[in-house]
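This report walks through two sheets, a set of charged pairs and two single residues. Keep the coordinates open while reading.

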Amino acid sequence: AYPHPTSRLPEHVTRHAQESASPQGGREMVITAENLTKNYLLYNQPLDRLKQSLFRGRRNFYREVKALNPVSFTLRRGETVGIIGRNGSGKSTLLQLICGTVSPSGGSVNVNGRVSALLELGAGFNPEFSGRDNVFLNGAILGLSPHEVRAKLPEIEAFAGIGAFLDRPVKTYSSGMFLRLAFAVAVSVEPDILIVDEALAVGDEAFQRKCFARLQAMKERGCTILFVSHSAQTVVELCDRALLLDGGDLLLDGAPKTVVAAYHKLIFADPARQEAIRAGIRQGSFMPQAAKAAVKEEAFLDTALTPESQVVYDQRGALLENPRITTLAGETVNMLTRGERYVFTYDVTLSEPAYGLRCGMMFKTKSGIELGGSGTAGPEDVIAEAPAGSHFRVSFEFACLLLPGTYYANCGASGMVHGERTYLHRIVDACVFKVMPEPNMREGGIVDFRIDPFMEKLS
């Protein structure tokens, strides 16, 4: 939670005095970024920094990494702009350059108005101080006098909602409590520009709702809001515009739904096609016609998508192998198209005789919520006795009615051991797959219930 100071700014950040016109009365530019770039110099060891200073550029002992390529854009007063992109795309670097916490390698940014920023959780707070002391400390950084902070303290305390912890050292706070206090301070100063870097993802659902309600109120008051979020739905609901960053490049600046559609098209694409899609997004041709927007992506296999959380149970006479999802034609895929039918399948090999053999599966969300599954549980599907060396292929055909997101599949085989049903082998998170988004989607949630809305006028 970094409250941006209103004086002694870095040379690359120029701040103008706020105009007397009301925020609603004018739509002047409040942020103008021109060809902002940022390169970082990476040294293998601290000694290399000394060598670099001694050689004075005659020889380089560092590796240069481009975090942000030339980026230019403007924000008008009262706009809410979301920045989306994959990890490492340059989102946080861009916000830090605008706030002045890091210096650019090139370009400049002009800022008009008081800025309050929530960047890295923890920055700007002294862990040894109490929450109350940090409120006064951050208020001073934001240009408020002790008297002004004292007047705002009841509002800050009520919004943070951390009770007696306000007078305890910040180092004893949980990350959620830390966020509550940091956000409460940041919005209490009624800034002209609020900058948030994914901080709201830390809070619980109730507090997130509270924060978004405050953001909406600030937006209506005329505050300019710039924030990074991985929640596409939040960007669409809250923002007037969105910026798509990828690999340090600004690929697209436009309407939130258009930008989110381009972002999804990029992240869910086959890695071999991503560079071509990047080029298409930059040229504005990734979705040139409305008819083209209605075309669904075909299912495919992303070899980089693997279940890192997989847990394999000990074998008790059975071995499950090659769990996978295939099309009805037998092609292995893990990027699925909503509404199509697929098959979850795996092989079972017995090293010992099995009695009452059953096989099953379960689909789960990435948070572990069980969505549904099936098994060979009927009398006709249970194999009473299977000798050692038997080999089976188990298949479960299903309709993909899940909404876009990441999901997992479990598989298992059980049998009767000493009179009790026991897992002979089981794999948790045996398979991971994604359901790809569709253009112009409006639905939210997990499951597509195929709801047909209808409204009838009664009077």
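In what order do the 6 strands of the open sheet with mixed pairing run? The order is S6-S7-S8-S4-S9-S10. The model is a predicted one.

**The mixed sheet**

Strand S6 (115-118) and strand S10 (249-254) are the edge strands, and each pairs on one side only. Direction ignored, neighbouring strands of this sheet are turned by 15 degrees against each other on average. At the S6 end, S6 pairs with strand S7 (residues 193-197) in the parallel sense, over 4 bridges. Within that pairing, Ser-116 has Leu-194 of S7 as its bridge partner.

Helix H8 (residues 256-267) packs on the sheet and touches S4, S9 and S10. The direction of H8 makes about 20 degrees with that of S9. Helix H2 (residues 91-99) lies across strand S4 (80-84), S6, S7, strand S8 (224-228) and strand S9 (241-246). H2 runs at about 150 degrees to S7.

**Salt bridges**

Side chains of opposite charge can pair when their charged atoms come close. The structure holds 18 salt bridges. Three of them are set out here, with the N to O distance for each.

| Pair | N to O distance |
|---|---|
| Glu-128 and Lys-171 | 3.1 Å |
| Arg-214 and Glu-155 | 3.6 Å |
| Asp-249 and Arg-278 | 2.9 Å |

Start with the salt bridge between Glu-128 and Lys-171. Glu-128 sits in the loop between S6 and helix H3 (131-141), and Lys-171 in the loop between H4 and H5, so the pair ties together parts 43 residues apart in sequence. Both Glu-128 and Lys-171 are exposed.

Next comes the salt bridge between Arg-214 and Glu-155. This pair links distant parts of the chain: Arg-214 belongs to helix H6 (residues 205-221) and Glu-155 to helix H4, 59 residues apart. Arg-214 is partly exposed, with a relative accessible area of 21%. That value sits just outside the buried class, because buried means under 20%. Glu-155 also counts as partly exposed, at 37% relative accessibility.

The salt bridge between Asp-249 and Arg-278 leads back to the mixed sheet. Asp-249 lies in strand S10 and Arg-278 in helix H9 (residues 274-283), so the pair ties together parts that are 29 residues apart in sequence. Are these two residues buried or exposed? Asp-249 counts as buried, at 15% relative accessibility. Arg-278 is buried too, with a relative accessible area of 12%. The pair also belongs to a network: salt bridges that share partners join Arg-86, Asp-246, Asp-249, Glu-275, Arg-278 and Arg-282.

**Asp-167**

Asp-167 is found in the loop between helix H4 (146-160) and helix H5 (175-188). With 47% relative accessibility, Asp-167 counts as partly exposed. Which residues does Asp-167 touch, not counting those up to four places away in sequence? They are Ser-130 and Arg-132. The side chain of Asp-167 makes a polar contact with the side chain of Arg-132, at 2.6 Å. Asp-167 and Arg-132 are 35 residues apart along the chain, yet their C-alpha atoms are separated by 5.8 Å.

**The antiparallel sheet**

A further open sheet has 4 strands in the order S13-S12-S15-S19, with antiparallel pairing. Strand S13 (332-333) and strand S19 (391-399) stand at the edges with a single partner strand each, so one side of each is left without a neighbour in the sheet. S12 pairs with strand S15 (residues 341-350) in the antiparallel sense, over 8 bridges. In S15, Tyr-342 is the bridge partner of Thr-327.

**Arg-324**

Arg-324 lies in strand S12 (residues 318-327). Arg-324 is buried yet has no salt bridge. How far away is the nearest side chain of opposite charge? It is that of Asp-347, at 4.4 Å. This misses the criterion, because a salt bridge needs a side-chain nitrogen within 4 Å of a carboxyl oxygen. The side chain of Arg-324 instead reaches the backbone oxygen of Asn-322, at 2.5 Å. Leaving aside neighbours within four places in sequence, Arg-324 is in contact with Thr-332, Val-343, Phe-344, Thr-345, Tyr-346, Asp-347, Arg-393 and Cys-431.

Methods:
Residues are numbered from 1 along each chain as its sequence is written. This is a predicted model: local features need pLDDT of at least 70, side-chain atom pairs count only at pLDDT 80 or more; totals for chains, interfaces and linings use all residues. Side-chain values use heavy atoms; hydrogens and water are left out. Helices (H or I, at least four residues) and strands (E, at least two) are DSSP runs, numbered from the N terminus. Buried means under 20% relative accessible area, exposed over 50%, partly exposed in between (1.4 Å probe, protein chains only). Lys and Arg count as positive and Asp and Glu as negative; His and the chain ends are not counted. A polar contact is a pair of N or O atoms within 3.5 Å; within protein, one must be able to donate a hydrogen and the other to accept it, and residues adjacent in sequence count only if both atoms are side-chain atoms. Contact means heavy atoms within 4.5 Å. Two strands pair if DSSP finds at least two bridges between them. Axes are lines fitted to C-alpha atoms, for helices over the stretch in contact, and angles run from 0 to 180 degrees between N-to-C directions.
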